[in-house]
Amino acid sequence: MVALRAGEYGIFEAMKKQPILFLIFLFFLLTSTAASADNPLRPEILPKTAKQGEVCLIRVAGQKNLKTLEGEFQRIKIPMGLNPVGKTYEGLLAVDLDTKPARYQVEVRGADQGGKSLSGASSLEVKKVSFKTQTLSLPSSMVDLDPKTLERVNGETKRVEALFQRARKDRLWKGRFLRPVQGEISTPFGLRRVINRQNKSPHSGIDLRADEGTPILASNSGAVVLVDDFFFSGKSVILDHGQGIYSMYFHLSEILAREGEKISKGDVLGQVGSTGRSTGPHLHWGVRIQGAKVDPFSLIRVTEAMPE
Ligand SMILES: [Zn+2]
């Protein structure tokens, strides 16, 4: 009944009977609409579309003093922090190599200093990449593993995967990521491989050809979280840059970093070699962000203009 009466008491009726009250009501209606339109966070994603295996920048402008803020893409949390130069909140959104091409929702959630919740959403289109296929013949001992070697490989894989589960929250990286060695790409990112007629997992890094002994530079500052000699990746170094970002350096001839130490961007980690399953001297350089396998060159591109 109340609703009916309110309906009968139309807007023109209100304008005629209480013009001042109506104007005040109208003013509050307009300003509150404007305020609520300002309130939700408006994440911007750059670039607006991403290819499988690419990294994007997620940015929230118009806020300078948030207590907390994080993004979410495919149920994976994205740490975000204030860029002191641009005065915007930024984070890295990583699209795994195996993400299905589609349009995805990207959300941001946070709170202001008073504890009030703020949120917003945007979308990201993920485009398909036609990764090439390479057919290789390798000695059977490097492909058909005996039970003991298989057990070793599984243990090594588990150890690396476990590292990604305990990413340090603090940010050790700063500014753009470096290419660890010059030299041309001998195997691109995402290449599908058929070895001795068996389908293998796609190439999750980039192979850079370089002479044996070439110094390998840390792509950014971080902590050395793994130094070992693995069956497939040979002498290996993994850096944790904080905020879920890792870089990996495989097939080294010599390792010059120590597990547990902190290193700075550009420090020499070791030398190029051909240890593990490798057909010649090269550096396999890989990047993981929140567990996603991404093209390391994409990380260089997206961080290029960041303040040092
Ligand atoms: Zn490789």
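**Entry 1. Ground rules**

I call a residue buried under 20% relative accessible area, exposed over 50% and partly exposed in between, with a 1.4 Å probe and protein chains only. By that rule H241 is buried, with a relative accessible area of 0%. The model is predicted: local features need pLDDT of at least 70, side-chain atom pairs count only at pLDDT 80 or more, and totals for chains, interfaces and linings use all residues. Residues are numbered from 1 along each chain as its sequence is written, and side-chain values use heavy atoms, with hydrogens and water left out.

**Entry 2. Overall make-up**

I looked up the secondary structure first. The protein has five helices and 22 strands. These are DSSP runs numbered from the N terminus (helices: H or I, at least four residues; strands: E, at least two). Of its 308 residues, 43% count as buried. I then checked the contacts (heavy atoms within 4.5 Å). Among those in the protein with a separation of 6 or more, 69% join residues 24 or more positions apart.

**Entry 3. The zinc site**

Which residues coordinate the zinc ion? I find H203 through NE2, D207 through OD and H284 through ND1, at 2.0 to 2.1 Å. Donors here are N, O and S atoms within 2.8 Å of the metal (3.2 Å for Na, K and Ca); water is not among the atoms, so sites may look incomplete. The donor spacing in sequence is H-x3-D-x76-H. D207 and H284 link distant parts of the chain: D207 sits in strand β14 (residues 205-209), H284 in strand β21 (residues 282-289), and 77 residues separate them. I checked accessibility for both. D207 is buried at 7%, and H284 is buried at 9%.

**Entry 4. H282, also on β21**

H282 lies in strand β21. H282 counts as buried, with a relative accessible area of 9%. A polar atom of the H282 side chain is 2.9 Å from the backbone oxygen of G280. I listed the contacts of H282, leaving aside neighbours within four places in sequence: S186, D207, L208, R209, A210, F250, H251, V272 and G273. The zinc donor D207 is on that list.

**Entry 5. The largest pocket**

I moved on to pockets. On a 1 Å grid over the protein atoms alone, a pocket is an open set of points with protein on both sides within 12 Å along at least five of seven lines, where a 1.4 Å probe fits; lining residues have an atom within 4 Å of a point. The largest pocket holds about 1200 Å³ of space, as filled by probe spheres set on the points. Its lining has 41 residues, and R193, F232, F250, R277 and H284 lie nearest the centre. H284 is thus listed both here and among the zinc donors.

Elements giving two or more residues to this lining include α4 (147-165), β18 (245-255), β14 and β21. α4 gives the largest share, six residues. By class I read 16 nonpolar, 15 polar and ten charged residues. The classes: Ala, Val, Leu, Ile, Met, Phe, Trp, Tyr, Cys and Pro are nonpolar; Asp, Glu, Lys and Arg are charged; the others, Gly among them, are polar.

**Entry 6. The second largest pocket**

This one has a volume of about 410 Å³. Its lining has 16 residues, with K77, P79, A167, G244 and Q290 nearest the centre. β5 (76-79) and α4 each supply at least two of them. The class count is five nonpolar, five polar and six charged.

**Entry 7. H241 and D170**

H241 lies in strand β17 (residues 234-242). The H241 side chain reaches the backbone oxygen of S221 at 2.7 Å. Contacts of H241 beyond four places in sequence include D170, W173, F177, N220 and Y246.

Is D170 buried or partly exposed? D170 is partly exposed, at 36% relative accessibility. D170 sits in the loop between α4 and β11. The C-alpha atoms of D170 and H241 are 8.5 Å apart, with their places 71 residues apart along the chain. Beyond four places in sequence, D170 is in contact with H241, G242 and Q243. The D170 side chain also makes a polar contact with the side chain of R168, at 2.9 Å. Such a contact is a pair of N or O atoms within 3.5 Å; within protein, one must be able to donate a hydrogen and the other to accept it, and residues adjacent in sequence count only if both atoms are side-chain atoms.

**Entry 8. Helix α5**

Why is α5 (residues 296-303) largely enclosed by the rest of the structure? Seven of its eight residues are buried, so the helix is largely enclosed. The buried ones are P296, F297, S298, L299, I300, V302 and T303. At the helix start, a side-chain oxygen of D295 comes to within 3.0 Å of the backbone nitrogen of F297.
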